[in-house]
Amino acid sequence: MKVSTRELLIAATHDAVKTETTSTTNVVRHFREIFDRDLHLECGFSSMFMMAVEEFGYDKQSAQRRVNAMNLSIAVPGLLDLIDDGKLCLQAAADIQTFLNKEHGAKRAYSIAQKRELVAACSGKSTREVQIELASLNPEMDFRESKKHVAKDRIQVTHTLSTTVEAKIERIKNLRSHVSPYMSREEVLDYMAEMTLDAIDPVRKAERAEKRKAKRIKATQIER
C-alpha cells in the first residue's frame, strides 16, 4: 500500500516496528513455554539454543538473542512487557543476560532481586547506553565484537581479548608446536574447539557410545 505523505509513512513505520517487536517477544514467550515444559528435550534437543537453530531455522546469533531474552525473563517476569513497550530492546536484554552469565562464571552471581534492579536500571536506555552501563560494572565486557562474511565459507571476526586469554592461546600453541610448529590462529582455535566438543558435546558422546556398542556386538559375533 502506497503512503502519500511523510507523516503517514512515519506513522505506518512506527506501527510496523511495533508489530515486529510484538512478534519477536511472542516468539520468546513460545520459547519460554517450550522450555518450561521441557519440550525441547522431548524433541531430542539438548538446549533451547539448538532447537532454535535446528528446528526453527534461526541463525546462531538470532537464536542466542532470543534464548538470552527467554532466560532473563525467568528472573524478571515483566521483561517481555518492557520490550513490547519499547523500554528495552531485544539486543539490550540479550546483552544483560550475557553480562549475568559472565558474572556467574566469575563466581559473582546476581540474586533475583539484583537482576531485577539491573533491568530496571537499564530500562529506557539505548542498546549502546545499556552496553556502557554493563561495561562500567565489568570492564572485561566487550561489545565491540563484530562478524561479517567475507566469502561463502569464511567469516571475519573482530574482537578484543584480555592479556590472560591471549597468553593461554599462545601457551596452547607452544604446547602443540612439536606437532605443528607453524600453527595459525585459526588452527589453534580449531584445535581448542575440537578438544572442548569432544569433552562436553552430548552428541559426540552419544556417537562414541554407539561405536563402542557396535564394536562389542561385532566382537561377540566373532567369538561365536
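User: What is the volume of the second largest pocket?
Analyst: This is a predicted model, in which local features need pLDDT of at least 70 and side-chain atom pairs count only at pLDDT 80 or more, while totals for chains, interfaces and linings use all residues. Residues are numbered from 1 along each chain as its sequence is written, and side-chain values use heavy atoms, with hydrogens and water left out. A pocket is an open set of points on a 1 Å grid over the protein atoms alone, where a 1.4 Å probe fits and protein lies on both sides within 12 Å along at least five of seven lines. For the second largest pocket, the volume, meaning the space filled by probe spheres set on the points, is about 440 Å³.

User: Which element gives the largest share of the lining of the second largest pocket?
Analyst: The lining (residues with an atom within 4 Å of a point) has 14 residues, and the closest to the pocket centre are Val157, Arg185, Glu186, Leu189 and Asp190. Two or more lining residues come from each of β2 (154–158), α9 (163–175) and α10 (185–200), where helices (H or I, at least four residues) and strands (E, at least two) are DSSP runs, numbered from the N terminus. The largest share, 6 residues, is given by α10.

User: Are α6 and α8 roughly parallel or roughly perpendicular to each other?
Analyst: Helix α8 spans residues 127–137, and its axis (a line fitted to C-alpha atoms over the stretch in contact) lies 9 Å from the axis of α6. The two helices pack at an angle of about 10°, on a scale from 0 to 180 degrees between N-to-C directions. Angles under 35 degrees count as roughly parallel and those from 65 to 115 as roughly perpendicular, and α6 and α8 are therefore roughly parallel.

User: How many charged residues are in the contact of α4 with α6?
Analyst: Helix α4 (residues 60–75) and helix α6 (residues 90–105) pack at about 70° with axes 8 Å apart, which makes α4 roughly perpendicular to α6. Among the residues in contact (heavy atoms within 4.5 Å) are Arg65 and Arg66 of α4, together with Leu90 and Gln91 of α6. By class (Ala, Val, Leu, Ile, Met, Phe, Trp, Tyr, Cys and Pro nonpolar, Asp, Glu, Lys and Arg charged, the others polar), this contact of α4 with α6 has 7 nonpolar and 6 polar residues, and the number of charged ones is 2.

Terms used: Parallel < 35°, antiparallel > 145°, perpendicular 65-115°, else oblique.
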